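This briefing is for a reader who has not met the structure before. Please look through the sequence and the model first.

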Amino acid sequence: SEQLSIRDLLGVLLGPEARRQLALRDKPNTELFGLYNSELVLHLNNQKNIRDNELMLLQFRDDIGEFPPSPELAKQFLTRFQDLKPRTRSRYTHMIKGFMKWYGQPLEDVRVKIPKSLPPYVETSDIESLLAAVNEKRGYQHLVARDKMIIELAYRAGLRRAEIANLRVRDVHPDMLLVRDGKGQKDRMVPLTAEVARSLNEFIAGMGPEGTVDGLGGP
């Protein structure tokens, strides 16, 4: 009978994931990195994240040339970012670790410690001054209520600028609101204080369900 090569024999004995990783070892780096880029498109929804990953992996591919990827080469590549801020280094490391795990040679012992820090604090007096300035502006008086509502949603509900712009009337409920396509393109429910909930529901009274809370879009 025809004899099996060692590689073929391993393919028979190993499971499908191990066979996939074994097949990757035979591919040139151009094809290998191209395959992983296709995986990114399938698993990442954010176009910026896809582009950033592709650019980082392109640097890694150029750095190693035609040498097969290895944990040693990956670690050597990551050392070029040692002078960057911890959060940036952590992000770049996460990108390379994702590729190496997919390739079958994970970087288990590579971690970047991110120092814990509190978010910037805004004094209540600053918010009150901002609201007072909105009340006192001379022009566009018909937009005062809207502008104050936007400030309240940002300060008291923690909504981002784009989330406020996309917030529709149908997503506002008596004591909470639904934020669609927030950070990471994820939906989330945001509880409202009684004061903000009352103000918001009074503000949108009479608006159509598809209207935007900021009044700049929809019917």
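The points below cover salt bridges and one helix.

This is a predicted model, in which local features need pLDDT of at least 70 and side-chain atom pairs count only at pLDDT 80 or more, while totals for chains, interfaces and linings use all residues. Residues are numbered from 1 along each chain as its sequence is written, and side-chain values use heavy atoms, with hydrogens and water left out.

**Salt bridges**

- The structure holds 13 salt bridges, a salt bridge being a side-chain nitrogen of Lys or Arg within 4 Å of a carboxyl oxygen of Asp or Glu.
- One of them joins Lys 75 to Asp 109, with the closest N and O atoms 3.0 Å apart.
- This pair links distant parts of the chain, 34 residues apart: Lys 75 is in helix 5 (residues 71-78), and Asp 109 is in the loop between helix 6 (86-103) and helix 7 (124-136).
- Helices (H or I, at least four residues) and strands (E, at least two) are DSSP runs, numbered from the N terminus.
- Lys 75 is partly exposed at 32% relative accessibility, whereas Asp 109 is exposed at 56%.
- Buried means under 20% relative accessible area, exposed over 50%, and partly exposed in between (1.4 Å probe, protein chains only).

**A salt-bridge network**

- Arg 170, Asp 171, Arg 180 and Glu 210 are linked in a network of salt bridges.
- Within it, the side chains of Arg 170 and Glu 210 meet at 3.0 Å, N to O.
- Arg 170 lies in the loop between helix 9 (161-166) and strand 1 (176-179) and Glu 210 in the segment after helix 10 (194-204), so their salt bridge ties together parts 40 residues apart in sequence.
- Both are partly exposed, Arg 170 at 35% and Glu 210 at 34%.
- Asp 171 pairs with Arg 180, the closest N and O atoms being 2.8 Å apart.
- Asp 171 is buried, with 2% relative accessibility, while Arg 180 is partly exposed at 36%.

**Helix 4**

- The end C-alpha atoms of helix 4 (residues 47-64, 18 residues) are 26 Å apart, which agrees with the expected span of 26 Å, taken as 1.5 Å times one less than the number of residues.
- Its buried residues are Ile 50, Asp 52, Asn 53, Met 56, Leu 57, Phe 60 and Ile 64.
- These residues lie on the same side of helix 4, because they cover an arc of only 165 degrees around the axis, judged by the directions from the helix axis to the C-beta atoms.
- The buried residues of helix 4 pack against helix 3 (29-43), helix 5 and helix 6, where contact means heavy atoms within 4.5 Å.
- The face turned away from the buried side of helix 4 carries the exposed residues Gln 47 and Asp 62.
- Gly 65 follows helix 4 and has a positive phi, near 60 degrees.
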